[in-house]
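Have your viewer ready and a selection box open. This tour goes stop by stop, telling you what to pick and what to look for there.

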Amino acid sequence: MKRNTLLRQWTGPLTADLTLHPGNFGLGKVPARFQPDATTTMVCGFCSTGCGLNIHLQDGRAVNLTPATDHPVNLGMACPKGWEALTPLAAADRATTPWLRSPGGELAPTDWDTAMQTFTLRFRAILDQHGPDSVAWIGTGQICTEELAFLGAFAKFGMGLRHGDGNTRQCMATSVAAYKESFGFDAPPFTYRDFEESDVIVLIGSNLCIAHPIMWQRVLRNRNRPEIIVVDPRKTETAMAATQHYAIRPKSDLTFLYGLAHLLIERGWIDRTFIEAHTAGFEEFRRHVAPFGITAVARACGLSPEELERCVETIHRGHRVSFWWTMGVNQSHEGTRTAQAVINLALMTGNIGRPGTGANSVTGQCNAMGSRLFSNTTNLLGGHDFRRADHRAKVAGILGLDPGRIPTENSWAYDQIMDAIDAGKIKGLWVIGTNPAHSWISQSAGRKILGKLDFLVVQDMYPTTETARMAHLILPAAAWGEKDGTFINSERRIGLIKKVLPAPGEALSDFNIIKLAAHYWGCGSLFQKWTSPEAVFGILQELSRGMPCDITGIAGYRMLDLEGGVQWPLPAGEKLEAGERRLFADGAFYHADGRARFVFDAPRATPEPADATHPFLLLTGRGTSAQWHTGTRTGKSAVLRRLHPAGLHAEINPEDADRLGIKSGQTITITSRRGELQARAFVTANVTPGQLFLPMHDEATNRLTFPAFDPQSRQPAYKACAVSVRPGK
Ligand code: SF4
């Protein structure tokens, strides 16, 4: 459509300030606040560890980086992704202008005015015709907290949308649901120093060596010679380095954990004083796990009774036992109950609130924790509840909004949004900083669903992602290092990122794209106070007041910069003590009665078990520490590409390989009921007979995965589905 036509169709108010120039929206400039040749420190933009990186500047622009030696998180270390963090910014395929699909179906560069007019007119037309459920957004854990809050506030209070979710649904929703129910708030209780202070470290479904290598370095700094227990079907790099590995059957983790609980109770190896003073529901839990006898549990999990005995005795002997979980637990058809089974073990043994203890979920993306608290998707800004009138009134008062603008229900979750697109209820989607055409479970079905949209807008650094290639409109976004803001890491530490390079061409920070969208939507006045990321940080502090995540005591970005980040909570008037901080030292949880809850359910069968036609169970996970998610950034680095095998490889046990006549390095075909792919076989005893492993980063992997979801968290169960395998193509 021609711009004049778009303008004629426009019926809403146009703000006067449509002129784009660098002074308004930050095009192509680095603020002159750094010494021309100096170093500044900021948080890494890949994983949730939140390492501090020293960025070295020349003429005020970043030219190189080194890990910060005095940062409280990484203590001078970085993984390969961190070392290469600047490289993807210089990729040749960066989006430097908006792109618009022509009526003939071709994507072509356009200008911001046309892009924003199109954004506004097309989404408005859909909403006018089909109502507020008909447009939704999918965000990310990769952009700044201030940007996530602005996005969620603009979408719900400005555009009037009801439904938006984040790609954090794919990795952390289970932990959120588990903590909320068990503790009364989404509150990972730990600090990284707990890795160094435990005498028993239990890692469940977590390949820390590969997925969180700097956290693993913190484990290696532990001077207590800890027992390291790994519970994982696969002999991962972490399992190889552990002192005990329990290779349970895929998705028998809930049964395994209930078996441990039963044995601990049976032997009296529990902390009755803690249970009585600080928890509720233990008697019911005790009755629930009573049938989980050692013989039956061992058989169900593929272990010996002696192995279960050893595991329980190790936990009992420990004075400081910490329990950690990641995607092996979260990405499950019964993830929330499994995470809560881990929490139950910590509660019943009194291993919480003390150094070296805790029921600790390690999160995934650099700002998954910011998304969890402030993205305005399934909870109202700052951990409030959309369904509570007092919370809506508080938030409306702080933002100067009519409370009637705030929805009274939670958003649909990611899978429900996909189902609604499939059913024709959602016709417009705004995707920000994520790549569902690659990462969504059961990819072929996912792509077909995305293909049904009348209008798909993708906001990204690159116009070349699988999802951007499907878009009707692409909005070019600045990267980490090209904008200011904050991330929250796994241990609740709020850290700074800074603009140390200009964004290429006309790319804008996500913050400024949202600001621009609000102008064009005609609701810019609602966000008059949202002038800069730091101004929004002040608003978020006010929103957090009185909540468990209260951060009113943080003295702005300067304090975050000086301290190497600050862990929430830090209410006004509380001094920031030196060192790291954990939650629940006083045994007070966030439920109204101050007690944590024992939450449990009967284990359920794996949604798609192996059978005669698909006799293998496929496990998926992170491949190497040099790869990140769908590879849109890490794939740009020649250094990182050299650090992982070229092409897709599949781990297969020697027994299976011999039986099927498969040799290492040979091409094999793996088939599920949803699709097939070719990979190179890697014959290794790291996987058990009857199981295969594929890294998650390859575009083909999700052709195979089965769309099952945890009922409480609605997180997809990526970890186990039935496949067959044959040699050759
Ligand atoms: Fe960045 Fe995570 Fe690597 Fe640290 S461990 S350097 S935060 S990717």
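The stops below go from the domains to sheets, helix pairs and two backbone details.

**Stop 1: colour the domains**

Keep in mind as you look around that this is a predicted model. Begin by giving each domain its own colour: domain 1 takes 5-24 + 93-166 + 367-567, domain 2 takes 39-90, domain 3 takes 173-361 and domain 4 takes 616-727. Domain 1 is written as three stretches of the chain, so you will need to join them in one selection.

Now show domain 2 together with domain 4. Their centres, taken over C-alpha atoms, are separated by 30 Å. Where the two touch, nine residues of domain 2 are in contact with 11 residues of domain 4.

**Stop 2: the sheet of three strands**

Zoom in on residues 39-43, 52-58 and 61-67. The first and last of these ranges are β1 and β3, and the middle one is β2. Together the strands make an open sheet in the order β1-β2-β3, and the pairing is antiparallel. Because β1 and β3 are at the edges and have a single partner strand each, one side of each has no neighbour in the sheet. On average, neighbouring strands here are turned by 35 degrees against each other, ignoring direction.

Next, hide β1 and follow the pair that remains. Six bridges link β2 and β3 in the antiparallel sense. For one of the partners, select L57 and look across to A62 in β3.

**Stop 3: the barrel**

Move to domain 4, residues 616-727. For the next view, pick out the barrel strands: six of them close up in the order β21-β25-β22-β24-β23-β26, with mixed pairing. Neighbouring strands of this sheet are turned against each other by 45 degrees on average, direction ignored.

To see one pairing in detail, select residues 616-621 for β21 and 691-695 for β25; these two strands run parallel and are joined by five bridges. Label T620, and you will find L694 of β25 opposite.

**Stop 4: three helix pairs**

For each pair, look at the angle between the helix axes and the distance between them, since two packed helices are described by these values.

*First pair.* Select 253-266 (α11) and 335-348 (α17). Their axes come within 9 Å and cross at roughly 20 degrees. The two helices are therefore roughly parallel to each other, and α11 passes α17 in a left-handed crossing. Turn on side chains to see the contact: D253, L254, L257, Y258, L260, A261, L264 and I265 from α11 meet R337, T338, A341, V342, L345 and M348 from α17. Coloured by class, this contact shows 11 nonpolar residues, one polar and two charged.

*Second pair.* Go on to 145-158 (α5) and 510-521 (α23). Here the axes cross at roughly 20 degrees and come within 9 Å. That is why α5 and α23 count as roughly parallel; the crossing of α5 past α23 is left-handed. On the α5 side, show E146, E147, F150, L151, F154 and G158; they meet D510, F511, I514, K515, A517, A518 and W521 of α23. The residues of this contact divide into eight nonpolar, one polar and four charged.

*Third pair.* Which way do α19 and α24 run, roughly parallel or roughly antiparallel? Select 389-399 for α19 and 533-544 for α24: the helices pack at an angle of about 150 degrees, and their axes are 10 Å apart. That angle makes α19 roughly antiparallel to α24. Their crossing is right-handed. In the contact, K394, V395, I398 and L399 of α19 meet I539, E542 and L543 of α24. Five of the contact residues are nonpolar, none is polar and two are charged.

**Stop 5: two backbone details**

Switch to a stick view of the backbone for the last selections. Go to W568 and P569, which are joined by a cis peptide bond with omega of about 5 degrees. P569 sits in the loop between β19 (566-567) and β20 (596-597).

Then select R492, in the loop between β17 (482-488) and β18 (493-499). Check its phi: the angle is positive, about 70 degrees, although R492 is not a glycine.

Conventions
Residues are numbered from 1 along each chain as its sequence is written. This is a predicted model: local features need pLDDT of at least 70, side-chain atom pairs count only at pLDDT 80 or more; totals for chains, interfaces and linings use all residues. Side-chain values use heavy atoms; hydrogens and water are left out. Two strands pair if DSSP finds at least two bridges between them. Helices (H or I, at least four residues) and strands (E, at least two) are DSSP runs, numbered from the N terminus. Axes are lines fitted to C-alpha atoms, for helices over the stretch in contact, and angles run from 0 to 180 degrees between N-to-C directions. Angles under 35 degrees count as roughly parallel, over 145 as roughly antiparallel, 65 to 115 as roughly perpendicular and the rest as oblique. A crossing is left-handed if the near helix is turned anticlockwise from the far one by less than a right angle, and right-handed if clockwise. Contact means heavy atoms within 4.5 Å. Ala, Val, Leu, Ile, Met, Phe, Trp, Tyr, Cys and Pro count as nonpolar, Asp, Glu, Lys and Arg as charged, and the others, Gly among them, as polar. Domain bounds come from an automatic or database domain assignment.
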